[in-house]
Amino acid sequence: MRIDVLTIFPEYLAPLRAALLGKAIERGLLDLTVHDLRDWTHDVHRSVDDSPYGGGPGMVMKPQVWGEALDEVCAGEVPPRLVVPSPAGRPFTQETARQYATESRLVFACGRYEGIDQRVIDDAARRMPVDEVSIGDYVLVGGEVAVMVMVEAVARLLPGVLGNPASAEQDSFSDGLLEGPSYTRPEVWRELAVPEVLRSGNHAAIARWRRDRALERTFHRRPDLLATLPDQALDRHDRAV
Ligand SMILES: N#Cc1c(-c2ccc3ccn(Cc4ccc(CN5CCCC5)cc4)c3c2)n[nH]c1N
């Protein structure tokens, strides 16, 4: 997968080249290019923003700079999917990550200030799929952190990136539930013992115990997820937990 990121703070995306994702890039599983949006400015101040029409707080990112940058970065046989983080975007979920992981190309546009002139998105949508997405109901200062979250969530789903692919299959949300608690050695730590069933070797009992803990945790922390589960997802035992 090829990923391009446009930002006025390229250094913000440096952590994407560390650890697991850095290894994926080295192994050619992911091709990541971060572009400085100011490379498409033509004035001495390399300006990218201007005052909002209609008044209001802050500044808005100019369409001309974005237009030229996207024309160049998105050029090619197959148009990429353009992803624009925004506080007003549709929720980015694990399902979104799964859909994006099937794309051959993604371009992320990191806005700053009060956002990007809407005509940039409207113009791009004439020639490629464009998604305005939000990573959560809180307000950030720009799109870079959101892009790092999305790139990590997508990249870990690419074949070969995770050492243990089963991990992605047992993610929280993969079966609609939060995952339950995990334990490792020692058996007792600060007088807290590992639940006996996990040391029993009884795989059916272990699977049941894990499902029960996932149901309990989801019920207490994210009842909204239970409300969206299809009826057949919960058996009679589940409903009794
Ligand atoms: N994903 C994601 C995001 C973002 C996000 C993503 C991209 C950009 C580009 C610029 N900003 C800053 C900003 C902050 C607030 C506003 C709203 N205005 C404030 C006063 C009148 C309305 C507009 C922009 C961004 C924030 N925030 N939260 C998320 N989950």
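In the predicted model, a polar backbone atom of L140 is placed 3.0 Å from a nitrogen atom of the ligand. Two further polar approaches to ligand nitrogen are found. A backbone N or O atom of Y138 lies 2.6 Å from a nitrogen atom of the ligand, and S134 contributes a polar side-chain atom at 3.1 Å from a nitrogen atom of the ligand. The ligand taken alone exposes 630 Å², of which the protein buries 76%.

The shell around the ligand comprises 18 residues, among which E114, S134, G136, Y138 and L140 come nearest. S134, Y138 and L140 thus appear both in this nearest group and in the polar approaches described above. By class, 10 residues of the shell are nonpolar, six are polar and two are charged. With respect to secondary structure, strands β5 (81–91) and β7 (130–134) each provide at least two residues of the shell. The largest share, three residues, is supplied by β5.

Y138 and L140 also belong to a nonpolar surface patch, in which they are joined by Y12, V145 and V149. Together the residues of this patch have about 420 Å² of accessible area. Within the patch, V149 is located in helix α5, which spans residues 144–155. V149 is classed as partly exposed because its relative accessibility is 39%, a value between the 20% limit for buried residues and the 50% limit for exposed ones. Y138 and L140 therefore link the two descriptions: both are among the residues that come nearest to the ligand, and both are members of the nonpolar patch on the surface.

Technical notes. Residues are numbered from 1 along each chain as its sequence is written. This is a predicted model: local features need pLDDT of at least 70, side-chain atom pairs count only at pLDDT 80 or more; totals for chains, interfaces and linings use all residues. Side-chain values use heavy atoms; hydrogens and water are left out. A residue is near a molecule or strand if one of its heavy atoms lies within 4 Å of it. A polar contact is a pair of N or O atoms within 3.5 Å; within protein, one must be able to donate a hydrogen and the other to accept it, and residues adjacent in sequence count only if both atoms are side-chain atoms. Accessible areas come from the Shrake-Rupley method with a 1.4 Å probe; for residues, only the protein chains shown count as cover. Helices (H or I, at least four residues) and strands (E, at least two) are DSSP runs, numbered from the N terminus. Ala, Val, Leu, Ile, Met, Phe, Trp, Tyr, Cys and Pro count as nonpolar, Asp, Glu, Lys and Arg as charged, and the others, Gly among them, as polar. Patches are made of residues with over 30% relative accessible area and no salt bridge: like charges are joined within 9 Å, nonpolar side chains (Val, Leu, Ile, Met, Phe, Trp, Tyr) within 5 Å. A salt bridge is a side-chain nitrogen of Lys or Arg within 4 Å of a carboxyl oxygen of Asp or Glu. Buried means under 20% relative accessible area, exposed over 50%, partly exposed in between (1.4 Å probe, protein chains only).
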